[in-house]
Amino acid sequence: MHQAETLGLSDLVDLQAFPIHDSACAGYVAAVDAARGGLRSEGCAVLGSLVRPEAVARLNGEIVERKHATHYSTQVINPYFHTAVNPDYPADHPVNTFIERSSGFIPGDAWDPGCATDVLFRAPEVARFIADCLEIPALYCYDDPLAGLTSNICDPGQQFTWHFDANDFAVTVLVQPADEGGLFEYVPQIRSAEHEGFDAIAGVLAGGREGVRTLELRPGDLQIFRGRYSLHRVTRVGAGSRPRHAAIFAYTLEPGVIGRVERTRQLFGRVLSQHEEAERERVRSDALLD
């Protein structure tokens with residue numbers, strides 16, 4: 001594959017093993033059924049080696065080429081991405097438990113249209129397949145100019161500590177695992193839209209392992225994860241390890257969605273006029289802390 005050529009989905013995905021282009025075939029139905037089972041029971045589905053090995057190498061090359069655009073930040077945050085003590089809660093409460101988050105994100109405006117990462121993210125077959133796995137009618141590429149298509153970078157010594165996502169689900173492709181550490185861990189459905197689950201969360205933040213699942217993802221694995229209700233983290237990457245690279249594909253239930261100002265500034269170090277306008281018009285869908 002050369003830089004000037006037009007890439008197709010078959011260049012990036014083994015469509016014989018994962019026929020995501022053909023919703024009527026048995027292989028498509030089997031893959032969807034397996035993913036639905038994982039999402040229903042664990043809030044997580046992994047499609048192993050969905051991306052071709054040669055395409056994984058290309059995705060990683062594109063990340064390396066854009067690492068200069070990475071916004072790195074180190075903060076101490078609670079699981080809700082807050083950084084300030086809340087006097088309405090006890091000192092040992094999850095709201096007032098702060099742990100280091102240190103990682104970087106390559107923003108959406110760093111990717112060239114037509115690059116392999118962009119083609120995979122915007123392929124309508126991919127969005128339809130993920131929607132079927134999630135048992136929803138349709139998905140749209142997240143219109144946020146910074147957070148729609150991103151890559152999360154965990155360099156040696158960095159970690160993405162325990163947190164919840166602002167969105168109902170996330171789609172990631174592991175591109176380069178760390179040699180040491182950098183494991184994805186989660187506690188499925190530890191809270192709900194009606195119940196914060198503070199006691200269980202406090203136990204995990206204190207080092208407890210009850211309910212904790214650990215995934216050893218491989219390059220090319222696509223993960224669909226309900227991170228709004230499942231506490232999760234990426235463990236610290238070893239000091240002598242290579243960096244951990246993951247592509248993040250963000251989709252929404254409706255077109256035209258833009259991310260929140262506070263979370264955008266935390267992850268990308270800046271906001272655009274689109275974020276400020278959307279914030280003025282935003283309506284919350286639940287009453288969770290975040």
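The dialogue below sets features of a predicted model against the definitions behind their names.

Student: What are the ground rules for this model?

Tutor: It is predicted: local features need pLDDT of at least 70, side-chain atom pairs count only at pLDDT 80 or more, and totals for chains, interfaces and linings use all residues. Residues are numbered from 1 along each chain as its sequence is written, and side-chain values use heavy atoms, with hydrogens and water left out.

Student: What makes the protein as compact as a globular protein of its length?

Tutor: The protein has eight helices and 13 strands, where helices (H or I, at least four residues) and strands (E, at least two) are DSSP runs numbered from the N terminus. Its radius of gyration is 19 Å, close to the 19 Å that the globule rule gives for 290 residues, so the description holds. The radius is taken over C-alpha atoms, and the rule is 2.2 Å times the number of residues to the power 0.38.

Student: Why is Phe-121 called buried?

Tutor: Buried means under 20% relative accessible area, exposed over 50%, and partly exposed in between (1.4 Å probe, protein chains only). Phe-121 has 0% relative accessibility, so it counts as buried. Phe-249, at 1%, therefore counts as buried too. Across the protein, buried residues make up 53% of the 290 residues.

Student: Why is the pair of Phe-121 and Phe-249 called tilted, of the kinds on offer?

Tutor: Rings of Phe, Tyr and Trp (its six-membered ring) pair if their centres lie within 6.5 Å; planes under 30 degrees apart count as stacked, over 60 as edge-to-face and the rest as tilted. The structure holds eleven such aromatic pairs. In this one the centres are 5.7 Å apart and the planes are at 35 degrees, so the pair is tilted. It links distant parts of the chain, with Phe-121 in helix α4 and Phe-249 in strand β12, 128 residues apart. Phe-184 and Tyr-186 form another tilted pair, at 5.9 Å centre to centre and 40 degrees between the planes.

Student: How do you know that strand β3 is largely enclosed?

Tutor: Six of the eight residues of β3 (residues 99-106) are buried, so the rest of the structure largely encloses this strand.

Student: What makes β3 a paired strand, and with which partners?

Tutor: Two strands pair if DSSP finds at least two bridges between them. Strand β2 (residues 71-77) and β3 pair in the antiparallel sense over seven bridges, with Arg-101 of β3 as the bridge partner of Gln-75. Three bridges join β3 to strand β5 (residues 149-154), also antiparallel; there, Asn-152 is the bridge partner of Phe-105.

Student: What places Arg-101 over a ring?

Tutor: A charge sits over a ring if NZ of Lys or CZ of Arg is within 6 Å of the ring centre and within 35 degrees of the ring normal. Arg-101 lies over the face of Phe-160, at 5.5 Å from the ring centre. Arg-263 lies over the face of Phe-81, at 3.8 Å. Phe-81 and Phe-160 belong to one aromatic cluster with Phe-105 and Phe-268.

Student: How do you know that the span of helix α3 agrees with its number of residues?

Tutor: The expected span is 1.5 Å times one less than the number of residues. For the 13 residues of α3 (residues 53-65) that gives 18 Å, and the end C-alpha atoms are 19 Å apart, which agrees.

Student: What makes helix α7 mostly covered?

Tutor: Six of the eight residues of α7 (residues 261-268) are buried, among them Arg-263 and Phe-268.
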